[in-house]
Amino acid sequence: MSLTRLTITGVRNLHPVTFYPSSRINLLYGANGSGKTSVLEAIHLLALARSFRSLRLQPVIQYEQPSCTVFGQVSFEHERVCNLGVERQRDGDFTIRIDGENARSTAQLAEVMPVQLINPDSFKLLEGSPKVRRQFLDWGVFHVEQRFLGTWQRLQKALKQRNSWLRHGTLDAVSQAAWDRELCLASAQIDDFRRSYIQALKPVFERTLAVLVDLPGLVLSYYRGWDKDRELGEVLAGSLARDRQLGHTHSGPQRADLRLRLGGHNAADILSRGQQKLVVCALRIAQGHLLGQARRSQCVYLVDDLPSELDERHRKALCGLLEELNCQVFITCVDQEVLSDDWSEDTPLALFHVEHGRIAQLAKHQE
C-alpha cells in the first residue's frame with residue numbers, strides 16, 4: 001500500500017500543490033520554516049482527519065481561508081486503487097470521502113491508510129501520560145484485531161453509563177448491575193486483545209531495538225488497569241465508595257499502561273533523549289512488522305527531522321530498518337545530502353525541495 005498522488009490546499013503556508021510520491025522513500029528537504037513538516041501534517045490529516053502538531057484547527061488552516069482540503073490516491077496490490085479526501089473547516093466541521101462516498105468515522109480512514117509518526121516529540125511516548133501509550137497500544141490492536149473496534153465502542157458506552165450513574169445516581173439497581181456486567185465483559189475482551197498483541201510485539205521490538213542500540217535489561221511490560229489477580233467485577237464492587245466520591249470509574253482498561261523499565265527504574269528517567277528516540281523508533285517499526293504480518297500490507301511512515309539527535313551510525317541503522325519494512329516513507333531534513341546515501345541503489349527514491357511553501361520534485365529513481 002502506498003500514497004501515489006497527493007493534493008494539498010489551504011494547509012498552513014503551503015501553496016496549492018499536487019505531487020506524485022515514490023512508493024518507497026521520499027525525502028523532503030529545505031530550510032527551517034519552508035513547509036516540510038506541513039506536508040507530513042497534510043498526509044496525517046488525510047489518514048486521521050487531524051493534525052499531529054496542534055489540537056486546534058486555527059493554526060492548520062491557511063490564513064483567511066475557510067477550510068483546508070487534502071486529497072490522495074492510495075494504491076494497493078493487484079492494481080486496486082482507493083481515493084481519499086478530507087476537508088476541515090474553521091468551525092470544526094469536517095467531511096471525509098472514500099471513493100466518492102461520505103465516510104461515517106475517522107476509523108474508516110485509518111483502516112485504509114495506517115500511518116506511523118516519528119518526530120522530535122516522539123520521546124513523549126515514554127515521558128508522557130499513560131493515555132499516550134494506550135493510544136499507541138490500541139493503534140496496533142485496532143489494525144490486527146478486527147473485533148477490537150466494536151468491543152472498544154461497547155466498553156466506552158458502558159463506562160459512560162457507569163460514570164453518569166456514579167455522578168448522578170440515576171440508574172436503578174437492576175440497570176446498574178446490567179451495565180456493570182457489560183463493562184466487565186467488554187473489559188475482559190479488550191484486555192485479551194491487548195495482551196495477545198503485546199505478546200506478539202515484545203520479541204519483534206527486542207530484535208528491532210538490538211539493531212539500533214544496546215540497552216540490556218530494558219523490559220517492556222503491560223498493566224491492564226486493575227489488579228492482575230482479581231476480577232474486575234470484584235475490584236469495582238470494592239472501590240464503589242471511592243468511585244462515587246471521585247465521580248468516575250477508577251479501575252479498568254481505561255487505566256491501562258505500557259511500562260518500560262531499565263534496572264527496575266522508569267526508563268524515561270534514565271535514558272538520554274537520543275536513546276528514548278531510538279526506543280520509540282523500535283516500538284513503531286515493530287508495529288509496522290506486525291501490521292505487515294496481519295494484513296500483508298504496510299503502513300506509511302512519516303519521519304520529521306530524522307537527523308535530529310541521532311548520529312550517523314544510528315541514523316543509518318534506522319534507515320536500514322525502514323528499508324527492510326518495504327513500505328512507503330516520507331522523511332524531512334534540512335540537507336538532503338545527509339540522507340540521500342543511506343538507501344540501497346535499487347530502492348525507489350524521490351527528492352522534493354520545499355521552499356517558501358512550494359514543493360518541487362527534483363529526482364526520482366525508476367520503480
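The following dialogue examines how several descriptions of this predicted model are justified.

Student: Why is helix α4 called oblique to helix α5?

Tutor: Helix α4 (residues 130–144) and helix α5 (residues 148–168) pack at an angle of about 130°, and their axes lie 8 Å apart. Angles over 145 degrees count as roughly antiparallel and those of 65 to 115 as roughly perpendicular, with oblique kept for the rest outside the parallel class. The angle therefore makes α4 oblique to α5.

Student: Which residues make the contact between α4 and α5?

Tutor: Helix α4 contributes D138, V141 and F142, while α5 contributes F148, L149 and W152. Contact here requires heavy atoms within 4.5 Å.

Student: What is the make-up of this contact by class?

Tutor: The contact of α4 with α5 has five nonpolar residues, no polar ones and one charged residue. Asp counts as charged, whereas Val, Phe, Leu and Trp count as nonpolar.

Student: How do you know that strands β9 and β10 pair?

Tutor: Two strands pair if at least two bridges are found between them. Strand β9 (residues 218–223) and strand β10 (residues 257–262) have six bridges, in the antiparallel sense. One bridge partner in β10 is R259, which stands across from S221. S221 belongs to the uncovered face of β9 with V219 and Y223, while L218, L220 and Y222 form the covered face.

Student: What makes β2 and β7 edge strands?

Tutor: The open, antiparallel sheet has six strands in the order β2-β1-β4-β5-β6-β7. Strands β2 (17–19) and β7 (101–102) each pair on one side only. For β7, the antiparallel pairing with β6 (residues 94–98) runs over two bridges, and I98 stands opposite E101.

Notes
Residues numbered from 1 in each chain as written. Predicted model: local features only at pLDDT ≥ 70, side-chain atom pairs only at ≥ 80, totals over all residues. Heavy atoms only, no water. Axes fitted to C-alpha atoms, helices over the stretch in contact; angles between N-to-C directions. Helix = DSSP H or I, 4+ residues; strand = E, 2+ residues; numbered from the N terminus. Parallel < 35°, antiparallel > 145°, perpendicular 65-115°, else oblique. Buried < 20%, exposed > 50% of the residue type's maximum accessible area, 1.4 Å probe, protein only.
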